[in-house]
Amino acid sequence: MTRTIHLVSLGCPKNRVDTEMMADVAIHEGYRMTDDPREADVIVVNTCAFIEDAKRESISTIFDLAQAKTAGRCRKLVVAGCLAERYASAIAEQMPQVDHVMGLGRLETLRAALRGAPIPRGRRDPRIDFPTARYGRMQSVARHSAFVKIGDGCNRRCAFCAIPAIRGRARSRPVASIVSEIRALASAGVREICLVSQDTASYGRDLAKRTTLVDLLVRLERIQGLDWIRVLYLYPDRSIPSLVPLLAGKGPILPYVDLPMQHVTDRMLGIMRRGHGRSHILRTIDRLRAQVPDLTLRTTFIVGHPQETDDDFEALLEFLEEQRPDRIGILRYSAEEGTRSALMPGQVPRSTSARRLRLARGLAGRILEKKNRGLSGKVVQVMVDGPSTEGPYLFDARLSSQAPEVDGKVVVARSERPLVPGSMATVRVTRVMGADLLADVEP
């Protein structure tokens with residue numbers, strides 16, 4: 001009888017890439033994927049521990065899967081990922097239903113577990129963090145769009161962030177490895193590549209032959225078959241201007257800049273240890289907008305960080321009103337164990353941070369809706385993602401300004417023929433639905 005495995009991926013797209021590598025290992029070990037954990041011989045959950053909400057979701061998911069293990073045929077429950085890396089001993093002691101706890105990047109540990117061999121306990125193994133000729137990946141969502149991890153870990157020391165403690169120092173994947181994987185993906189029909197890492201702007205600085213993100217992108221834009229190349233998680237450092245010629249070009253590299261700012265006052269940026277001030281952020285935005293036609297600016301902010309005053313928060317709202325980024329994510333501060341921020345005096349009351357979160361997200365939503373209304377009646381190009389969950393005879397698609405999963409979508413109606421995932425379509429926007437758009441195919 002064929003052995004089966006059920007995989008759950010929590011958290012960010014970087015985690016999903018890791019999970020897809022685990023799936024490839026399982027397939028090569030003779031396992032078949034199943035969506036029902038009760039039918040699985042092995043259950044693997046790849047956890048997230050970025051913020052408190054993510055940790056709670058990971059723990060809740062582990063308990064749910066433990067119940068499925070009891071009710072079904074599962075022989076092994078494996079916990080992997082960031083939560084396992086950070087709290088391996090606690091998971092082993094407090095969750096007896098868990099059979100194996102794997103640190104990050106330990107694909108050989110998974111292989112041993114699937115074979116029923118004894119497995120060593122251990123933490124992150126940086127030698128096998130990235131796909132190589134030995135480790136492939138099985139895409140788990142779309143076949144025409146793929147996240148590709150170009151690095152892992154982070155050398156920044158932002159006061160609020162636990163990622164360096166969990167994933168270690170920044171490690172860049174070699175250019176040849178990235179190019180090889182993306183060529184294979186393009187040959188298999190992938191039309192959109194989203195480059196991800198913890199700190200994409202720092203790519204290549206740790207390689208023996210010093211390389212830059214620009215060097216990598218120049219190689220990638222030559223790969224045949226790609227329509228869109230999107231760069232995510234760009235720390236707003238001094239390397240951003242070097243990207244301008246590529247962002248402003250006519251090739252597949254999209255004029256889409258994901259620039260997490262986190263805050264806007266000099267006071268809060270200093271407390272957060274961001275390494276720059278408000279003037280640097282404004283200069284970066286001005287240069288990008290002046291030199292990159294059709295720029296899409298995505299950013300994220302944290303509200304309720306220790307010592308954030310009402311004046312700091314009002315300054316953030318004023319910044320949003322004045323600068324009006326195209327895509328805005330708002331997170332509420334989470335006190336993470338081992339970070340400087342968690343030990344700071346002046347912790348903001350939860351009720352205050354909740355109110356600030358509500359106000360900031362409300363403003364961000366209004367900004368996006370107004371920008372979307374500006375597209376009403378316009379003819380635009382979209383990439384088709386597939387049949388829509390919104391109803392029969394509808395298709396989900398995205399503008400080049402919409403990254404997968406986080407920026408909304410275009411729901412396409414009134415097509416005389418099925419739209420093929422990964423294909424480009426010309427549509428007319430007919431209606432705005434919050435973060436989403438409704439459109440008809442142009443005849």
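In strand β16, Val 410 stands opposite Ala 397, where strands are DSSP runs of E with at least two residues and helices are DSSP runs of H or I with at least four, numbered from the N terminus. The model behind these exercises is predicted, so that local features need a pLDDT of at least 70 and side-chain atom pairs count only at pLDDT 80 or more, while totals for chains, interfaces and linings use all residues. Residues are numbered from 1 along each chain as its sequence is written, and side-chain values use heavy atoms, with hydrogens and water left out.

**Exercise 1. Strand β16**

In which sense do strand β15 and β16 pair, and over how many bridges? Which residues of β16 are buried on its two faces?

Solution. Begin with the pairing, for which DSSP must find at least two bridges between two strands. Strand β15, residues 395-398, pairs with β16 in the antiparallel sense over three bridges. Next take strand β18, residues 436-441, which pairs with β16 in the parallel sense over four bridges, and in which Asp 440 stands opposite Ala 413. Then turn to the faces of β16, residues 410-413, using the rule that buried means under 20% relative accessible area, exposed over 50% and partly exposed in between, with a 1.4 Å probe and protein chains only. Val 410 and Val 412 are buried on one side, and Val 411 and Ala 413 are buried on the other, which leaves both faces covered.

**Exercise 2. The sheet of six strands**

Find the order of the strands in the open sheet of six, and say which are the edge strands.

Solution. The order is β6-β9-β10-β11-β12-β13, with parallel pairing. The edge strands, each pairing on one side only, are β6 (145-149) and β13. The twist from one strand to the next averages 20°, where axes are lines fitted to C-alpha atoms, for helices over the stretch in contact, and angles run from 0 to 180 degrees between N-to-C directions. Within this sheet, strand β11 (residues 253-258) is joined to β12 by three bridges, and Tyr 256 has Thr 296 in β12 as its bridge partner. Helix α12 packs on the sheet and touches β12 and β13, its direction making about 165° with that of β12, where contact means heavy atoms within 4.5 Å. Helix α13 also lies across β12 and β13, and runs at about 170° to β13.

**Exercise 3. Helix α12**

Check the span of helix α12 against the expected value, and name its buried residues.

Solution. The expected span of a helix is 1.5 Å times one less than its number of residues. Helix α12, residues 310-323, has 14 residues and should therefore span 20 Å, and because its end C-alpha atoms are 20 Å apart, the two values agree. Its buried residues are Asp 312, Phe 313, Ala 315, Leu 316, Leu 317, Phe 319, Leu 320 and Gln 323, and they pack against α10, α11, β12, β13 and α13. Just after the helix, Arg 324 takes a positive phi of about 45°.

**Exercise 4. Aromatic rings**

How many aromatic pairs does a search of the whole structure find, and what arrangement do the rings have?

Solution. Rings of Phe, Tyr and Trp (its six-membered ring) pair if their centres lie within 6.5 Å, and planes under 30 degrees apart count as stacked, over 60 as edge-to-face and the rest as tilted. The search finds one pair. The rings of Phe 301 and Phe 319 have centres 6.1 Å apart and planes at 75°, so this pair is edge-to-face. Phe 301 is in strand β12 and Phe 319 in helix α12, 18 residues apart, and the pair links distant parts of the chain. Phe 301 counts as buried because its relative accessibility is 0%, and Phe 319 counts as buried at 1%.

**Exercise 5. Two residues with positive phi**

Are Gln 262 and Asp 294 buried or exposed?

Solution. Most residues other than glycine have a negative phi. Gln 262, although not a glycine, has a positive phi of about 70°, and this residue lies in the loop between β11 and α10. At 10% relative accessibility, Gln 262 counts as buried. Asp 294, also not a glycine, has a positive phi of about 60° and is found in the loop between α11 and β12. With a relative accessible area of 70%, Asp 294 is exposed.
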